[in-house]
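Got a two-chain model open and want to talk it through? Here's a quick back-and-forth, starting with the fold and ending at the contacts.

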Amino acid sequence: MSDLVQIENLHVAFRNDDGGYNDAVRGVSLTLGREKLGIVGESGSGKSLTGRALLGVLPPYARISVDTMAFDGIDLKSASPKLRRSLRGGRMGMILQDPKFSLNPVMTVGKQIVEAIRIGDRRIPGSDAKKKALGILEAVHIREPERVFSLYPHELSGGMGQRVMIGMMVVREPDLLIADEPTSALDVTVRTQVLSILDELVTRRGMGLIFISHDLNLVSKFCDRVIVMYAGRIVESIEASRLHEATHPYTRGLLSCLPQIDGSLEPLPVLNREASWAGAA
Amino acid sequence: MLAIGNLNVEFSGKLAVRDTSFAVQPGESFGLVGESGSGKSTILRTVMGLNATWNGSITVDGTDVRKTPRKQLAKVVQMVFQDPYSSLHPRYVIGQQIAEPMKINGIANPERRTAELLELIGLGAKFQFRFPHELSGGQRQRVAIARALALSPKLLLLDEPTSALDVSIQAEILNLLNRLRKELGLTFVIVSHDLAVISYMCERLMVMRNAQPVETLTREQLRSGAIVEDYTKALIAAA
């Protein structure tokens, strides 16, 4: 089978003050099979924009140009907004960083999940939709799904909210899930749970996962393959298990500036950015 | 420098901190670790007088915080918050924000001291006319640190000082904090959920869960694995 996602030479630019354009993503090419692909980089390196461009949810004032962008054989470059709309939710899903801002605050989480189900299948009877919603809450390891079903988002903890979001996204069983910093707002203990849920979904349902994060260690443990981005370009693409053999000075710099529990107490090495990293790769 | 005895903090009938005691020596760096809702930030906020309903004892540098007027307390202890995007006033230039505590306390020559502070935290005096939105997250956190240092406090309370920042910027801020502690002889209490950061920054740490302390460890105990409680072991395994 061919790749699930193919992107070639993606550029995303935003207008700056003097009327010109600043490239935020510059020539990103990647392919994704049914695997876990990690994208790491600092704020502003273009990792989230890449995910959003693929989903087609960039603001209209962003200038996008791409040679090829395909999802499961569908050419996204020439696809109509209507077709792309029909892909979102059903076949491509996205999990955002902060559940506080991504759930509807005046609707119980159960209703929100039911709504997601009904958008996909308008003829499903209410009782079945509710059963399905309760099932998905259980699948994302929420204890007492019946009780949580009728809670409002502000009554949930961060970890629970994030799991509800994941449930809402995977209830339609998308083929591709883009997770944009899904665990950054969570505690380490909850993070492990959320990751194991995502892992289970990828393995069992054969989803493709794009995992956007700035946490190198996390990505190297969790993903199959890692792409490192800097200033809108891919500087390195490496097997996750071999991340610690990375050769690019930027990747090495990111790895070495992390404190370790049993690391040295000398001042941490700081990243010295070199102009050449942002140049032609 | 800081002594907390049998502290209870209550929010609408629910205890957010239960029967917690610890002491921090002058010059020491003490870490508080635990999951969200375990009460670690609440302790810092209570020390600063930001919570009204508490009982127990809190003494900072030998004086009872209940009996110390706020202005005087502010000269001894200052706090740096997690999110540099919301802890700075969006419409004040940063020089003004750093000078504000000095003006309130009638300290002479706030302008010169502001410039000195900006040099100290590695931004340079030319930054004083910038607005917060013109700075990156790491630069804003430096400004928040400079403002906290304006009154030359002895004790700095740091609530997740780097968790909103990129790892590369985190290293810069941690190095800055360590340098300042050495140069100015400060005492730190650092709240973090990242054990690696705490292990790097703190000589001693207390693990909290469900509003209560689980155990207190030295850095050596943490590193050598001389840990008693299962919860701490789970935290380390997850890190």
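Q: How many helices and strands does the secondary structure of chain B come to?
A: Keep in mind that this is a predicted model. The tally for chain B is nine helices and ten strands.

Q: What radius of gyration does chain B have, set against a compact globule of 239 residues?
A: The C-alpha trace of chain B spans about 50 × 40 × 30 Å along its principal axes, and 48% of its 239 residues count as buried. Among contacts between residues at least 6 apart in sequence, 67% join residues at least 24 apart. For that chain length a compact globule would come out near 18 Å, and chain B agrees, with a radius of gyration of 18 Å.

Q: Which strands sit at the edges of the open six-stranded sheet in chain B?
A: The sheet has mixed pairing and runs in the order S6-S7-S8-S3-S9-S10. An edge strand pairs on one side only, and that picks out S6 (77-80) and S10 (212-218) of chain B.

Q: In S8(B), what is the bridge partner of Val33(B)?
A: Strand S3 (29-34) and strand S8 (187-192) of chain B pair in the parallel sense, over five bridges. Val33(B) has its partner in S8(B), and that partner is Ser192(B).

Q: What angle does the direction of H5(B) make with that of S6(B)?
A: H5(B) packs on the sheet, where it touches S6 and S7 (155-159) of chain B. Its direction and that of S6(B) make an angle of about 170°.

Q: Which helices do the buried residues of H3(B) pack against?
A: H3 of chain B covers residues 94-104, and its buried residues include Ile94(B), Ile98(B) and Met102(B). In an α-helix there are 3.6 residues a turn, so residues three or four places apart point the same way. Just after H3(B), Gly106(B) takes a positive phi of about 60°. As for the packing, the partners in chain B are H2 (70-74), H4 (110-120) and H5 (137-149).

Q: Is Pro132(B) buried or exposed?
A: Look in the loop between H4 and H5 of chain B to find Pro132(B). Leaving out residues up to four places away in sequence, Pro132(B) touches Leu88(B), Pro90(B), Ile94(B) and Arg140(B). Ser87(B) is 45 residues away along the chain, with 9.9 Å between the two C-alpha atoms. The cut-off is 20 or more C-beta atoms within 10 Å, and Pro132(B) has 21, so it counts as buried.

Q: Which helix gives the most to the side of domain 1 of chain A that touches domain 2 of chain A?
A: The domain assignment splits chain A into domain 1 (5-91 + 175-278) and domain 2 (99-173), with centres 26 Å apart over C-alpha atoms. In the contact, 14 residues of domain 1 meet 13 residues of domain 2. With seven residues, the top contributor on the domain 1 side is H8 (188-205) of chain A.

Q: How do the residues of the side of chain A that touches chain B divide by class?
A: The contact takes 24 residues from chain A and 24 from chain B. On the chain A side, H8 and H10 (249-256) each supply at least two residues, and H8(A) gives the most, with three. By class, the chain A side divides into twelve nonpolar, nine polar and three charged.

How values were computed: Residues numbered from 1 in each chain as written. Chains lettered and ligands numbered in written order. Predicted model: local features only at pLDDT ≥ 70, side-chain atom pairs only at ≥ 80, totals over all residues. Buried ≥ 20, exposed ≤ 12 C-beta atoms within 10 Å, placed from the backbone. Helix = DSSP H or I, 4+ residues; strand = E, 2+ residues; numbered from the N terminus. Contact = placed C-beta atoms within 7 Å. Rg over C-alpha atoms; globule rule 2.2 N^0.38 Å. Pairing = 2+ DSSP bridges. Axes fitted to C-alpha atoms, helices over the stretch in contact; angles between N-to-C directions. Domains from an automatic or database assignment. Nonpolar A, V, L, I, M, F, W, Y, C, P; charged D, E, K, R; others polar.
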